[in-house]
Structures are given as C-alpha cells and as structure tokens.
Amino acid sequence: MKKIFLTILLTAGSLFAEINVDATYATMGAIAKRIGGDNVHVVVLGSSKYDPHFIVPKPSLLAKLRRADLLIINGGGLELGWLPPLIKSANNGKIQVGAQGFLDMSHFIKMIDKPASVSRAFGDIHAQGNPHYSTDPHQVSIMAKAIAKKLSQIDPAHANEYQQNLEQFLAKWNAYLTNYDNKMAACKVKKIVQYHELYNYFLRRYDITNIGNIEPLPGIAPSSKHTLELINAMKANGVKKILQDVYHEKRTAKFIAAKTGATVSVIPHEVGAVKGSDTLENFYNTIAQRICK
Ligand SMILES: [Zn+2]
C-alpha cells in the first residue's frame, strides 16, 4: 500500500513539474518537444489541417492558454486574425505579449517580402511581410536556439538539459540539412506556381522561381481575369508544377492544370498537414519530394 501511494506521489510530482508550452502551430510545437524533452508538455493550438491565418478561436483553446507557462507564436502577423482576443481573455499573466512566457519567433527571423508601405495593395494578411518562414528547413535551427534560450529562462533548474538537448538536436539537424540540400540541388523543378505565398522562403533557399500565385493577392480569392493571366504566364515560362496547400479550394488549381498540362501537388505547410509528414524530418522530406517529383 505504501509503495502504491509513493508511486502516485512521484507520478503526480513529475506531472506538475512539467512546463506547459503552447505553440500556435505544429512545426514550432515539434521543435519545442525536441528541445524540451520530458520537462515540457507541448500543446499545439492551430491544427495543420486549417488555414493558419484563421484558426477558429474555440473555448478549448482558451482553456489551454490559461494553463500555459510559455506561449510560442509564429508572429509576423500570422496569428493576428485569431489569437489576440484569446490571449486577452485567457487572463494568464505569464503569456501576455511582452511577458517572460511569451515568445514571438518572428523576432529571430529575417522576414522577406516586407511591403514598403502598409496598404491593401499587398493583400489583407501579409502587411508585415511574409510570415511563412517555417517551410524553409534552415529556419529550424534558429527556432530551436530561441526555444532553448527561452525554456532556460522560465525553467532555470533544467537549463543544462535544454542546452544539451539543443546541442544534440543541432548536430542531427545540421547533418540532415547537408543531405537535404544535396537532394534539393538535384531537383529538376525550377519553376512553379503556388496558391498562397506559403513557400517563398523555401523557393528562395533552393533557387526555384515562383511565376505567380493563384490568389491575386494574399487572402484574396482568385478571379477569372487573374487565373487567365496566370495560365498565360505559365505557358510562356513552361511551368509544369502547381503547389496546392491542404486548406484552399482545389478547383482553380485543377482548372489551371487542365489548361497548361501542369501537375497539382498538395504540399504540407506545417508538420502533420498531410499523411506521412508528422515529424520535422518527414515534413521537410515531403515538401521536397512533392515539389521535385
Ligand atoms: Zn499567408
């Protein structure tokens, strides 16, 4: 009996010792798990099946934010359409903007496609530049370092473990990147079109040219005029690959494919967005395989 009681106590102790980490998206959540190990309990707020700009702010998300010791956000405006009222309503001092338990990952990233001035000419949802940096596997190392530093601040008792986990992770990740970059160097696809500007960081990294987007502007639905212009541009540039994400309608991409002879490939935008992309490595492998095949 005594033994059972002790076991319960120890189990409860280790449960309570965990740092509750909320990540807005799955890729950051996966990195946080690798760095935090057994000391953290990671919850992902936004499912990879949905549009990351417009996650439905369900009450269950509020409950998760109330329990969080650390909130990791993508930033760069990606959560602006759903997260700010939730953070406010959660009324958890630890994770308010600017608090020690609030980590805006975009502050560590060199953002691209920043508009010279904020105007609707750049669409409604990329007013601060392109926030989709996590589709580039080279950004993972930057994110891992920022997470390790933050975890060490809020849980100094385990700082050494976070540092060790980071070093082990980076050693593996650097080897993975060397192999990945070699594979991408052999990628035959050099020109694509995409639905939304989800892959700009990836495309820039691997010298693949984006001929255009199915959306006329980020967040604006396709028009027939824009679609016809895109079809002409694809024909003029010999584009045979359309990058489709999991959450936009697929009708327009299929129509364009039929007119141009291009292939539509569904590319994950976050860990777990498509079958077989449920780890960091599988996620980036799937992006490369589906773009290059
Ligand atoms: Zn976007």
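Val193 is buried, since 25 other C-beta atoms lie within 10 Å of its own, and a residue counts as buried when 20 or more do so. This residue has its place in strand β5, which covers residues 191-194. The model described here is a predicted one. The briefing continues with Val193, then turns to the whole chain, three helix pairs and Tyr180.

**Surroundings of Val193**

- Leaving aside residues up to four places away in sequence, Val193 touches Asn210, Ile211, Gly212, Asn213, Ile214, Leu230, Met234, Val239 and Ile242.
- Val193 and Leu243 are 50 residues apart in sequence, yet their C-alpha atoms are 6.1 Å apart in space.

**The chain as a whole**

- The protein chain contains 10 helices and 8 strands.
- Its radius of gyration is 21 Å, close to the 19 Å that the globule rule gives for 293 residues, so the chain is as compact as a globular protein of that length.
- Measured against its principal axes, the C-alpha trace spans about 75 × 40 × 40 Å.
- Of the 293 residues in the protein chain, 40% are buried.
- If one takes the contacts between residues at least 6 apart in sequence, 62% of them join residues at least 24 apart.

**Helices α2 and α5**

- Helix α2 (residues 26-36) packs with helix α5 (residues 139-154) at an angle of about 55°, and their axes are 9 Å apart.
- This angle makes α2 oblique to α5, because it falls outside the ranges for roughly parallel (under 35 degrees), roughly perpendicular (65 to 115) and roughly antiparallel (over 145).
- The crossing in which α2 passes α5 is right-handed.
- On the side of α2, the contact is made by Met28, Ile31, Ala32, Ile35 and Gly36; on the side of α5, it is made by Val140, Met143, Ala144, Ile147, Ala148 and Leu151.
- These contact residues comprise 10 nonpolar, 1 polar and no charged.

**Helices α3 and α4**

- Helix α3 (residues 59-67) and helix α4 (residues 83-90) have axes that come within 9 Å and cross at roughly 55°.
- With that angle, α3 is oblique to α4.
- The helix α3 passes α4 in a right-handed crossing.
- Leu61, Leu62, Leu65 and Arg66 of α3 meet Leu86, Ile87, Ser89 and Ala90 of α4 in this contact.
- The contact of α3 with α4 has 6 nonpolar, 1 polar and 1 charged residues.

**Helices α6 and α10**

- Helix α6 (residues 159-185) and helix α10 (residues 280-292) pack at an angle of about 10°, with 11 Å between their axes.
- The helices α6 and α10 are therefore roughly parallel to each other, because angles under 35 degrees count as such.
- Tyr176, Tyr180, Lys183 and Met184 of α6 form the contact with Glu281, Tyr284 and Ala288 of α10.
- By class, the residues of this contact are 5 nonpolar, no polar and 2 charged.

**Tyr180 in helix α6**

- Tyr180 is found in helix α6.
- This residue is partly exposed, with 19 other C-beta atoms within 10 Å, because a buried residue needs 20 or more and an exposed one has 12 or fewer.
- Tyr180 touches Pro137, Tyr284 and Ala288, when residues up to four places away in sequence are not counted.
- Tyr180 and Asn285 are 105 residues apart along the chain, while their C-alpha atoms are separated by 7.9 Å.

Technical notes. Residues numbered from 1 in each chain as written. Predicted model: local features only at pLDDT ≥ 70, side-chain atom pairs only at ≥ 80, totals over all residues. Axes fitted to C-alpha atoms, helices over the stretch in contact; angles between N-to-C directions. Helix = DSSP H or I, 4+ residues; strand = E, 2+ residues; numbered from the N terminus. Left-handed = near helix turned anticlockwise from the far one by under 90°. Contact = placed C-beta atoms within 7 Å. Nonpolar A, V, L, I, M, F, W, Y, C, P; charged D, E, K, R; others polar. Rg over C-alpha atoms; globule rule 2.2 N^0.38 Å.
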